[in-house]
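Please open the structure in your viewer and keep the sequence panel visible. The tour proceeds selection by selection.

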Amino acid sequence: MKALVLGAGVAGVACAYYLWRDGHEVTVLDRNEGVALETSFANGGQLSYSYVAPLASPSVIPKIPPWLLRRDSPLRFRPELDWDQWRWILEFLAACNDATADRTTERLLRLAFYSRDLMHELVRTHEMDFDYVQNGKLVVHTNRQSYESAKRLMEYQRTLGAEQRALDPKACVELEPALEHMAPRITGAIHTPSEDAGDTYKFCNELKRIMTSGPNPVAYRFGVEIERLLPWHGRLMGVETSHGVMEADHYVLALGTNAPYLLKPLGIRVPVYPLKGYSLSLPVTDERGAPRISVTDFKRKVVYARLGDDLRVAGMADISGRRAVIDGERVDQLVTEVKNAFPDATDFRKLGPWCGMRPATPRGTPVVGGTPHANLWLDVGHGALGFTLALATGRILADLAGGRAPRVPLDGFTLH
Ligand SMILES: Cc1cc2nc3c(=O)[nH]c(=O)nc-3n(C[C@H](O)[C@H](O)[C@H](O)COP(=O)(O)OP(=O)(O)OC[C@H]3O[C@@H](n4cnc5c(N)ncnc54)[C@H](O)[C@@H]3O)c2cc1C
């Protein structure tokens, strides 16, 4: 079988890997000159298997007015004359209820645990160098109310198989001494020992190396703009690109935030809208000042991960249009967060600022599975969890394209 994977972000590369492992003839297309050069480039690096609860929940509603009014809030909204933006927000608000949030959490946990199994199998199978660590994660709360609801969520997630424990401030610092500066603000934290972290860009390049160095290598075609999908009698007969028409038996569309534009002419709507986020890659100058365990500041929505010699810091969710342009004010705010949390970690002379567009759906669930076109498959909308979920969604799509039933149920992830 010939398969074309459209898009070489972490979603496309992971799917290409499983298609290749299944023995198919695989070609990956991307407009950039390498893999993972857009949203998968410098994200938070968290393999956040037990922290999948969606942003859309009832607890978010009272936070929205302050978030909208304060310029340094973790979530920022700049209204545009764009119906897609408003529709996304309305659908997001409609999803902010307990029943939807619980259902989404349950489905995402199942997918994330499957992804964790696949990641562990992958690193057992291949020698890979992507600053991968199995170091666990501490989600730190600085507000009593949020800590109490985190403990309730922990109890709920325990029933779904997540192993977590609540820690008081003293126990937090014992576990992660670099939290010393933050300690006076900490109310408590949830510790998940089974969380991993790694560098997504390096991960994608390592997977590419594996798939291109063995027998039946995957072909990567870079600098190719995908312009149009060509439907024909309930199937796709090809894709029109800047380098001519390309054909295959199966097509997996993994185009991140660009997916809606290519799908719209086919009458397919995926509710993906870009949520802009920022990261810093800070060289660690004081080993004791930088956390070894991945840390999330729950209130400020900032994540910290040790990736090799760097501390990767990521945060912010800006609903502010489609342009991936860095706003200096947001970078300054992220720097202030690090200075408040881990002032000794780095000397702040090299910031490595970056921004990326999360391909977010209102409910927080990726869109995975078939379309009305029998040989067109979707692998999009991974939002804030693309690195975490990419192996699971990639494996599922390779199974579907190969005519096998996926290992996890797809309810909640398919096109309506
Ligand atoms: C600040 C930030 C922090 C994050 N932190 C984490 C984290 O800690 N853990 C986690 O799991 N996730 C995290 N994420 C989310 C994660 O980065 C994304 O979910 C993931 O990168 C999405 O991958 P993708 O392959 O769907 O999209 P992309 O990586 O954007 O890939 C899409 C590809 O399609 C190509 N493309 C698009 N249109 C065309 C076209 N017309 N022709 C040719 N090629 C095209 C692009 O060039 C691109 O390479 C974070 C995101 C951000 C922004």
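**Stop one: a serine in a helix**

Select S146, which is buried, with a relative accessible area of 15% (buried means under 20%, by a 1.4 Å probe with protein chains only). The model is predicted: local features need pLDDT of at least 70, side-chain atom pairs count only at pLDDT 80 or more, and totals for chains, interfaces and linings use all residues. Residues are numbered from 1 along each chain as its sequence is written, and side-chain values use heavy atoms, with hydrogens and water left out.

S146 belongs to helix 5, residues 144-158 (helices are DSSP runs of H or I, at least four residues, and strands are runs of E, at least two, numbered from the N terminus). Add H141 and F298 to the selection: apart from neighbours within four places in sequence, these are in contact with S146 (heavy atoms within 4.5 Å). The side chains of S146 and H141 also make a polar contact at 2.8 Å (N or O atoms within 3.5 Å, one able to donate a hydrogen and the other to accept it; residues adjacent in sequence count only if both atoms are side-chain atoms).

**Stop two: the ligand**

Select the ligand next, together with the 36 residues that surround it (a heavy atom within 4 Å). The closest are D30, S40, I226, G383 and T388. A polar side-chain atom of D30 is 2.6 Å from a ligand oxygen atom, and a side-chain N or O atom of S40 is 2.5 Å from a ligand oxygen atom.

Finally, display strand 18 (354-360), which gives the most to the shell around the ligand, with four residues.

Terms used: Buried means under 20% relative accessible area, exposed over 50%, partly exposed in between (1.4 Å probe, protein chains only).
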